[in-house]
Amino acid sequence: MTTSLQPVPTLVPGASLEAYVHSVNSIPLLTPERERELAERLFYKEDVEAARQLVLAHLRFVVHIAKSYSGYGLAQADLIQEGNVGLMKAVKRFNPEMGVRLVSFAVHWIKAEIHEFILRNWRIVKVATTKAQRKLFFNLRSQKKRLAWLNNDEVHRVAETLGVEPREVREMESRLTGHDMAFDPASDADDDAAYQSPAQYLEDSRYDPARQLEEADWTDSSTANLHEALERLDDRSRDILYQRWLAEEKATLHELAAKYNVSAERIRQLEKNAMNKLKGNIAA
């Protein structure tokens, strides 16, 4: 038994993907008995060499799963790499007493890593952030029978099958058929093409004089209201708020408690009451 890392042959799906696939397919499969023996060595004795053998023997399954995601336009080698990460996570968590083969347990972890990679890299802007959207992203493509947009009946059928609202199906379909677009025109774009970039037709209201004047008036009005509301407070409450919120070096409750010869809890109560009065004065 060993807990030290052992040298691993060069098995990286890099420049020569075909050579990598040939290499992993040449690694013998494990018998159920041998797999359980290695899993027990890893689970009970933290044998890293056993983990290494389990991972190597299952690399071919990662390749098989990764091939099913080839339609997303991402490099097959990258998908395999991510799937390998999921396989290693599964091996680390595999309990031989569960009564299932490692490959059955690892499928979830392999797919989860590949899914996460696809969602991060398929578009610059994320197309699926919630659990429901992720489910739609990976199932809507298989549900569509043709390249054209879904009609109303197809939308409702897909929504019923996947257990979501028709509105969500339409929204995800629009995301899937969209494409990334640069905000600014390309450096070599001519006038006939530059106008199509969002920077040419989206309104920029940051420098609108009316908006700038409105924001300046709001700032001046808010500042005046704050000072007026502070003047309505008694001297002690006003000083506590100033020391706790407005001073450059904020005072602690204990420092103010020593200044006014009361407890820190009493200062906290005075601060809370003063803040409520201040909010009421500003809203009035």
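Count the secondary structure in this protein and you get 15 helices and zero strands. Keep in mind that what you're looking at is a predicted model. The protein has 284 residues, and 32% of them count as buried. As for how the chain meets itself, take the contacts between residues at least 6 apart in sequence: 57% of these join residues at least 24 apart.

Let's start with the loop between helix H2 (32-45) and H3, where you'll find Glu46. Its phi is near 55 degrees, which is a positive value in a residue other than glycine. Is Glu46 buried or exposed? Glu46 has 58% relative accessibility, so it counts as exposed, the cut-off for that being over 50%.

Just before that loop, look at the rings of Phe43 and Tyr44. They form an aromatic pair, with 5.0 Å from centre to centre and 90 degrees between the planes. Because planes over 60 degrees apart count as edge-to-face, that's the label this pair gets. Phe43 has a relative accessible area of 38%, so Phe43 is partly exposed.

The count of aromatic pairs comes to two, and the other ring pair to visit is Phe94 with Phe105. Here the centres are 5.6 Å apart and the planes make an angle of 50 degrees, so the pair is tilted, being neither under 30 nor over 60 degrees. Where do the two partners sit? Phe94 is in the loop between helix H5 (76-93) and helix H6 (102-121), while Phe105 is in helix H6 itself. They're eleven residues apart, and the pair links distant parts of the chain. Both rings belong to residues under the 20% cut-off for buried: Phe94 has a relative accessible area of 6%, and Phe105 has 17% relative accessibility.

While you're in helix H6, find Glu113. Glu113 has a relative accessible area of 15%, so this residue is buried too. Which residues does Glu113 touch, once its neighbours within four places in sequence are left aside? The answer is Glu82, Val85, Gly86 and Lys89.

Now for how helices pack. Two packed helices are described by the angle between their axes and the distance between the axes. Take helix H3 (residues 48-57) and H5: their axes are 10 Å apart, at an angle of about 135 degrees. That angle makes H3 oblique to H5, because it falls short of the over-145 range that counts as roughly antiparallel. The crossing of these two helices is right-handed. If you want to see where they touch, look for Ala51, Leu54 and Val55 in H3, which meet Leu87, Met88 and Val91 in H5.

There's another helix pair worth a look further along the chain, made of helix H12 (residues 209-231) and H15. Their axes come within 9 Å and cross at roughly 125 degrees. H12 and H15 are therefore oblique to each other. H12 passes H15 in a right-handed crossing. On the H12 side the residues are Asn225, Leu226, Ala229 and Leu230, and they meet Leu278, Asn281 and Ile282 on the H15 side.

Stay with H15 and step back to the loop between helix H14 (253-260) and helix H15 (264-283), which is the place of Asn261. Asn261 has a phi near 60 degrees, again a positive value in a residue other than glycine. Asn261 has a relative accessible area of 71%, so this residue is exposed.

Finally, here's what the records add. An unreviewed UniProt entry places a "DNA-binding region" at residues 253-272. In the model, this stretch is 85% helix and 0% strand, and its end C-alpha atoms are 12 Å apart. UniProt also places the feature "domain: RNA polymerase sigma-70", from an unreviewed entry, at residues 78-91 and 252-278. How much of residues 78-91 is helix? That part of the chain is 100% helix and 0% strand, with 20 Å between the end C-alpha atoms. Residues 252-278 come out at 85% helix and 0% strand, and there the end C-alpha atoms are 20 Å apart.

Methods:
Residues are numbered from 1 along each chain as its sequence is written. This is a predicted model: local features need pLDDT of at least 70, side-chain atom pairs count only at pLDDT 80 or more; totals for chains, interfaces and linings use all residues. Side-chain values use heavy atoms; hydrogens and water are left out. UniProt positions are given in the numbering used here, feature names are shortened, and annotations may be inferred rather than shown by experiment. Helices (H or I, at least four residues) and strands (E, at least two) are DSSP runs, numbered from the N terminus. Rings of Phe, Tyr and Trp (its six-membered ring) pair if their centres lie within 6.5 Å; planes under 30 degrees apart count as stacked, over 60 as edge-to-face and the rest as tilted. Buried means under 20% relative accessible area, exposed over 50%, partly exposed in between (1.4 Å probe, protein chains only). Axes are lines fitted to C-alpha atoms, for helices over the stretch in contact, and angles run from 0 to 180 degrees between N-to-C directions. Angles under 35 degrees count as roughly parallel, over 145 as roughly antiparallel, 65 to 115 as roughly perpendicular and the rest as oblique. A crossing is left-handed if the near helix is turned anticlockwise from the far one by less than a right angle, and right-handed if clockwise. Contact means heavy atoms within 4.5 Å.
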